[in-house]
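Work through the exercises below with the sequence and the model at hand. Try each task before reading its solution.

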Amino acid sequence: MMELPELQEQIGQIKQDLDQQLPNLSAHDVLESFRVEFLGRKGRITQLFKQMGTLEPGARGEAGRLINELKDHATVCFEERDKLRQSEVRRQALVADRLDVSLPGSQHALGCLHPMTLVQREIEAIFMKMGFDVATGPEIETEYYNFEALNIPADHPARADWDTFYIEGDRLLRPHTSPVQIRVMEQSEPPVRIICPGRCYRRDTQDATHSPVFHQVELLWIEEGLSLAHLKHVLELFTQEFFGEGYEMLFSGDFFPFTEPSVQVHIKAPGATNWMEIMGAGMVDPAVLSNVGYDAEKYTGFAFGLGIERMAMLRYGIDDIRAFLTNDLRFIRQFS
Ligand code: DAH
């Protein structure tokens with residue numbers, strides 16, 4: 001039989017041990033071993049309840065009250081410390097997460113448009129304003145679209161100018177955007193009014209004015225009653241919009257199998273002495289119209305092929321075509 005005072009002494013001892021631990025109860029694991037030691041299923045306070053059975057029945061009421069008081073005390077201590085611990089955890093998460101709005105922002109490099117893109121878009125905009133649609137075609141073309149349909153038979157000497165990188169069989173990288181004329185006419189009835197900007201390839205050796213990869217804008221207008229005068233007017237409008245007022249224009253005779261007559265177009269800046277050649281052009285050869293099934297007696301039209309690099313070089317005073325392909329950001333950033 002245990003006496004009440006003995007139990008009271010144990011209670012006092014436990015409370016003293018418990019209070020002693022209080023100041024250190026901040027970390028999660030320390031707090032957890034505190035809970036296990038005093039309040040756990042085999043903890044010291046739970047053990048006290050078990051010892052009650054060995055007390056005299058008359059003392060059990062008082063003993064129960066005292067043990068419960070101790071248990072409540074331990075529980076409150078635990079819960080308070082646990083709350084403190086949790087708010088400390090939250091505080092630390094906030095500190096770790098803190099945003100210092102006074103720090104300089106991280107720099108994101110801003111891209112810019114390549115001068116070729118700028119010029120191509122500008123040319124597109126000018127012709128779209130005049131009512132032309134923008135068409136596209138494949139860069140890998142067949143000999144038929146590149147040559148035959150454009151009135152350049154296999155044995156024609158002009159083909160040598162455009163023979164280029166063959167992929168396999170009769171497929172090659174297109175040397176000009178003219179095959180798009182054929183593709184568009186095959187798919188539509190006159191009137192046809194399109195431009196086609198795109199990349200072209202030739203076996204040119206690179207130098208300041210030649211590049212094996214370059215860009216053209218093709219133009220094609222087919223309708224009843226068109227003449228060289230209409231071509232000239234369209235080009236005058238274009239030159240005025242792209243280069244500005246006061247430019248003079250000169251047509252000189254040339255030869256292209258797909259146009260008759262064919263011309264080279266030259267322009268001269270106000271006050272300048274030199275003529276600059278800007279494109280090949282001409283009235284679409286009736287043979288080309290027949291090749292796509294158009295009535296060549298009824299319809300006429302004109303076409304041209306304009307080098308975009310050349311336009312960009314004239315516009316920005318660039319004297320080496322290779323600059324467009326070197327990916328030098330110092331060069332590219334000057335234009336946007
Ligand atoms: N395709 C020609 C070339 O690459 C340029 C050209 C000339 C296109 C006259 C045309 C044209 O549409 O009518 O050199």
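Buried means under 20% relative accessible area, exposed means over 50%, and partly exposed lies in between. The model is predicted.

**Exercise 1. Helix α5**

Task: Find which residues of α5 are buried, and set the span of α5 against the expected value.

Solution.
- Step 1. Apply the 20% limit. Pro-115, Met-116, Val-119, Ile-123, Glu-124, Ile-126 and Phe-127 of α5 are buried.
- Step 2. Recall the helix repeat. An α-helix has 3.6 residues a turn, so residues three or four places apart point the same way.
- Step 3. Check the length. With 15 residues, α5 reaches 21 Å from its first C-alpha to its last. That is close to the 21 Å expected at 1.5 Å a residue.
- Step 4. Look just past the helix. Gly-131 follows just after α5 and takes a positive phi of about 100°.

**Exercise 2. The nonpolar cores**

Task: Name the residues with the most contacts inside the largest nonpolar core, and list the elements that each supply at least two of its residues.

Solution.
- Step 1. Start from the tendency. In soluble globular proteins, nonpolar side chains tend to be buried together.
- Step 2. Take the largest core. It has 39 residues, and those with the most contacts inside it are Ile-123, Phe-127, Phe-304, Leu-306 and Met-311.
- Step 3. Assign the elements. The helices are α5, α9, α11 and α12, and the strands are β6, β8, β9 and β10; each supplies at least two residues of this core.
- Step 4. Follow one residue. Leaving aside neighbours within four places in sequence, Met-311 is in contact with Val-119, Ile-123, Phe-238, Phe-242, Phe-243, Ile-278 and Leu-306.
- Step 5. Look for another core. A second, separate core has 27 residues, including Trp-162, Ile-222, Val-292 and Tyr-299.

**Exercise 3. Salt bridges**

Task: Say how many salt bridges the model has, then place the partners of Glu-139 and Glu-148.

Solution.
- Step 1. Recall the principle. Side chains of opposite charge can pair when their charged atoms come close.
- Step 2. Set the limit at 4 Å between nitrogen and carboxyl oxygen. The count comes to 20 salt bridges.
- Step 3. Pair Glu-139 with Arg-199, whose closest N and O atoms are 3.9 Å apart. Glu-139 sits in the loop between β1 and β2, Arg-199 in strand β5, 60 residues apart.
- Step 4. Judge exposure. Glu-139 is partly exposed at 28%. Arg-199 is partly exposed at 36%.
- Step 5. Pair Glu-148 with Arg-159, at 2.3 Å from N to O. Glu-148 is in the loop between α6 and α7, while Arg-159 is in helix α7, 11 residues apart.
- Step 6. Judge exposure again. Glu-148 is partly exposed at 33%, whereas Arg-159 counts as buried at 6%.
- Step 7. Add further cases. Arg-171 meets Glu-168 at 2.9 Å, N to O, and Arg-171 is partly exposed at 33%. Asp-17, Glu-37 and Arg-44 form a network of salt bridges.

**Exercise 4. The surroundings of Asp-320**

Task: Locate Asp-320 and list what Asp-320 touches.

Solution.
- Step 1. Place the residue. Asp-320 lies in the loop between α11 and α12.
- Step 2. Read the exposure. At 21% relative accessible area, Asp-320 is partly exposed, because buried requires under 20%.
- Step 3. List contacts. Beyond neighbours within four places in sequence, Asp-320 is in contact with Asp-207, Ala-208 and Met-313.
- Step 4. Add the polar contact. The side chains of Asp-320 and Arg-322 make one at 2.9 Å.
- Step 5. Compare with Lys-50. Asp-320 and Lys-50 are 270 residues apart in sequence and 98 Å apart in space, C-alpha to C-alpha.

Technical notes
Residues are numbered from 1 along each chain as its sequence is written. This is a predicted model: local features need pLDDT of at least 70, side-chain atom pairs count only at pLDDT 80 or more; totals for chains, interfaces and linings use all residues. Side-chain values use heavy atoms; hydrogens and water are left out. A salt bridge is a side-chain nitrogen of Lys or Arg within 4 Å of a carboxyl oxygen of Asp or Glu. Helices (H or I, at least four residues) and strands (E, at least two) are DSSP runs, numbered from the N terminus. Buried means under 20% relative accessible area, exposed over 50%, partly exposed in between (1.4 Å probe, protein chains only). A nonpolar core is a set of buried Ala, Val, Leu, Ile, Met, Phe, Trp, Tyr and Cys residues joined through side-chain atoms within 4.5 Å. Contact means heavy atoms within 4.5 Å. The expected span of a helix is 1.5 Å times one less than its number of residues. A polar contact is a pair of N or O atoms within 3.5 Å; within protein, one must be able to donate a hydrogen and the other to accept it, and residues adjacent in sequence count only if both atoms are side-chain atoms.
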